[in-house]
Amino acid sequence: MRPDIFREKSPLSADDCFVVFDRRKSSFTFPVHIHPEYELNYVEGASGAQRIIGNSVETIGEQDLVLIASPELEHAWKDGECQSNDIHEITIQFHPSLIEQYLDKKQFASIQQLLAKASRGVVFGKGTVDRVLPLLRILTLERDGFYAVMKLLVLLYELSKGDDINFSIDRLHPKNRSG
């Protein structure tokens, strides 16, 4: 790990399955970072901003949805050429253990494949974003913990069925290799 990479301490506790952040912001100020939690990050209204995942730096459009499932995969969003002062960001962080217990079950095969891909960072295309955005928005409003976990599992399943998933990192540097 590079010394300039920030190791984020997530507010996700051992007693939580996941946390959701639903925020409005005028710029991206969080540094390039890593954390052991898996992260689903949705950004809208930030056209021209830069998404950094590992060795990949890309300019995003009006919407951006990314899943990161690797504790050492560096990531951040930066202002870049973004001119918006009304950026909407939804971030979900969850413990890998929340889903690991199910990954060897056939009903979870597509989620297992998605998380394996997400160890390199996956970017979802417009079709998948449009299809899952209502689920993502509902999840930010759910106050019942049990139903929130069930909705997160449904969201992950729906993401796993997307046919417009792209890798953020096309080839891995040795430090980003998983298994």
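In the predicted model described here, asparagine 41 of strand β4 stands opposite valine 66 in β7, two strands being taken as paired if DSSP finds at least two bridges between them. The antiparallel pairing of β4 with strand β7 (residues 63-68) extends over 6 bridges, and within it glutamate 44 stands opposite glutamine 63. Helices (H or I, at least four residues) and strands (E, at least two) are DSSP runs, numbered from the N terminus. Residues are numbered from 1 along each chain as its sequence is written, and side-chain values use heavy atoms, with hydrogens and water left out. Because this is a predicted model, local features need pLDDT of at least 70 and side-chain atom pairs count only at pLDDT 80 or more, whereas totals for chains, interfaces and linings use all residues.

Strand β4 also pairs with strand β9 (residues 87-94), again in the antiparallel sense, over 7 bridges, and in this pairing tyrosine 42 stands opposite isoleucine 90. Of the 7 residues of β4 (residues 38-44), 7 are buried, so the strand is largely enclosed by the rest of the structure; buried here means under 20% relative accessible area, exposed over 50%, and partly exposed in between, with a 1.4 Å probe and protein chains only. In a regular strand the side chains alternate between the two faces of the sheet. In β4, Tyr38, Leu40, Tyr42 and Glu44 point one way and Glu39, Asn41 and Val43 the other way, and all of these residues are buried.

Strand β7 is likewise largely enclosed by the rest of the structure, since 5 of its 6 residues are buried. This strand is joined by 2 bridges to strand β10 (residues 122-124), the two running antiparallel, and the bridge partner of valine 66 in β10 is valine 123.

Outside these strands, serine 84 lies in the loop between β8 (75-78) and β9 and is partly exposed, with a relative accessible area of 24%. When its neighbours within four places in sequence are left aside, serine 84 is in contact (heavy atoms within 4.5 Å) with Ser26 and Gly45. The C-alpha atoms of serine 84 and lysine 25 are 9.3 Å apart in space, although the two residues are 59 residues apart in sequence. Glycine 145, which lies in helix α4 (residues 145-160), counts as partly exposed at 45% relative accessibility; from C-alpha to C-alpha, glycine 145 and alanine 69 are 22 Å apart in space and 76 residues apart in sequence.

For the protein chain as a whole, 4 helices and 11 strands are found, and buried residues make up 50% of the 179 residues. The radius of gyration, taken over C-alpha atoms, is 15 Å, which agrees with the value near 16 Å for a compact globule of 179 residues, the globule rule being 2.2 Å times the number of residues to the power 0.38. Along the principal axes, the C-alpha atoms fill a box of roughly 45 × 40 × 35 Å. Among contacts with a separation of 6 or more, 79% are accounted for by residues 24 or more positions apart.
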